[in-house]
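Work through the exercises below with the coordinates open. Each task is followed by a solution in steps.

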Amino acid sequence: MSLHIGDTAPDFTADSTIGEISLHEWAGDSWVFFFSHPADFTPVCTTEMGRTAQLADQFAARNTKPLGLSTDTAAEHLKWISDVNETQHTSLQFPIVADPDLKIAKLYDMIHPEESETAAVRSVFIIDPDKKLRLTMTYPMNVGRNFDEILRVIDALQLSDAKNIATPADWNPGKKVIIPPSIKNDEAKTLFPQGWDELRPYLRLTDVT
Ligand code: BEZ
């Protein structure tokens, strides 16, 4: 199934390292960072799981729950978590979904046959509290994800929702943001009383806090 930004994240019920979970119910009013892995007990995946666990406070500060998935069983995930904790010096607390029959991997288009017929690629889905997909990214099996970027896009999405703005290339919190062209200058004066730099009529930069 091909999923697009703005689609409702398909709900599912599955076994996980914290027992059976249903995605929408488990997510509640939080954002979700849902990310898939090819397999347990593999090196790149081990570092990614460890990094996610190390960043638990960062995700919590963004009201975001991490949710992992690989195409192994919950019993295998639980054994693997010991290795993750030991080698990555952390304490992994977020759930990892079991998907040995590839039901969810297929639902979320995580199987890319040129990479593997049976294991998920490294997919990322950022899901908002309305259960809408707000961002998707797909990495091959041999490239670990950049977790600074994952936190950055969550910041950008949450700020754009709160302040009606867009973010420029390489934006990071604290940097200037863009007033979208859909907001004309008359409305912008109300929304952005702090003013803006108008480099072009379509390129207006402002500061928000
Ligand atoms: C890894 O996590 O290291 C990995 C898994 C599957 C294929 C290639 C790398």
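## Exercise 1: the ligand site

A backbone N or O atom of Val44 lies 2.6 Å from an oxygen atom of the ligand. This is a predicted model, in which local features need pLDDT of at least 70 and side-chain atom pairs count only at pLDDT 80 or more, while totals for chains, interfaces and linings use all residues. Residues are numbered from 1 along each chain as its sequence is written, and side-chain values use heavy atoms, with hydrogens and water left out.

Task: list the polar contacts of the ligand with Thr42 and Pro43 (pairs of N or O atoms within 3.5 Å), then describe the shell around the ligand.

Step 1. Thr42 places a polar side-chain atom 2.9 Å from a ligand oxygen atom. For Pro43, a backbone N or O atom lies 3.2 Å from an oxygen atom of the ligand.

Step 2. The ligand taken alone exposes 260 Å², and the protein buries 75% of that. These accessible areas come from the Shrake-Rupley method with a 1.4 Å probe.

Step 3. A residue counts as near the ligand if one of its heavy atoms lies within 4 Å of it. The residues around the ligand are Pro38, Thr42, Pro43, Val44, Cys45, Arg122 and Met141.

Step 4. By class, this shell holds 5 nonpolar, 1 polar and 1 charged residues. Pro, Val, Cys and Met are among the types counted as nonpolar, and Arg is among the charged ones.

Step 5. Helix 2 (residues 43–54) supplies the largest share of the shell, 3 residues. Helices (H or I, at least four residues) and strands (E, at least two) are DSSP runs, numbered from the N terminus.

## Exercise 2: the five-stranded sheet

Task: in what order do the 5 strands of the open sheet with mixed pairing stand?

Step 1. The order is 5-4-3-6-7. Two strands pair if DSSP finds at least two bridges between them.

Step 2. Strand 5 (96–98) and strand 7 (133–139) stand at the edges with a single partner strand each, so one side of each has no neighbour in the sheet.

Step 3. From one strand to the next, the twist averages 20 degrees. Axes for such angles are lines fitted to C-alpha atoms.

Step 4. Strand 3 (residues 31–37) and strand 4 (residues 64–70) pair in the parallel sense over 7 bridges. His37 has Ser70 in strand 4 as its bridge partner.

## Exercise 3: domains and the three-stranded sheet

Task: state the domain bounds of the protein, then trace the sheet that contains strands 8, 9 and 10.

Step 1. The domain assignment gives domain 1 (13–145) and domain 2 (164–206). Their C-alpha centres lie 35 Å apart.

Step 2. The 3 strands form an open sheet in the order 8-10-9, with antiparallel pairing. Strand 8 and strand 9 are at the edges, each with a single partner strand, so one side of each is left without a neighbour in the sheet. Neighbouring strands here are turned by 35 degrees against each other on average, direction ignored.

Step 3. Strand 8 (residues 177–179) is joined to strand 10 (residues 203–206) by 3 bridges. Ile178 stands opposite Leu205 in strand 10.

Step 4. Strand 9 (residues 197–200) is also joined to strand 10 by 3 bridges, and a hairpin connects strand 9 to strand 10 through 2 residues. Opposite Arg204 in strand 10 stands Glu198, and opposite Leu205 stands Asp197.

Terms used
Polar contact = N/O pair within 3.5 Å; in protein donor to acceptor, adjacent residues only side chain to side chain. Domains from an automatic or database assignment. Axes fitted to C-alpha atoms, helices over the stretch in contact; angles between N-to-C directions.
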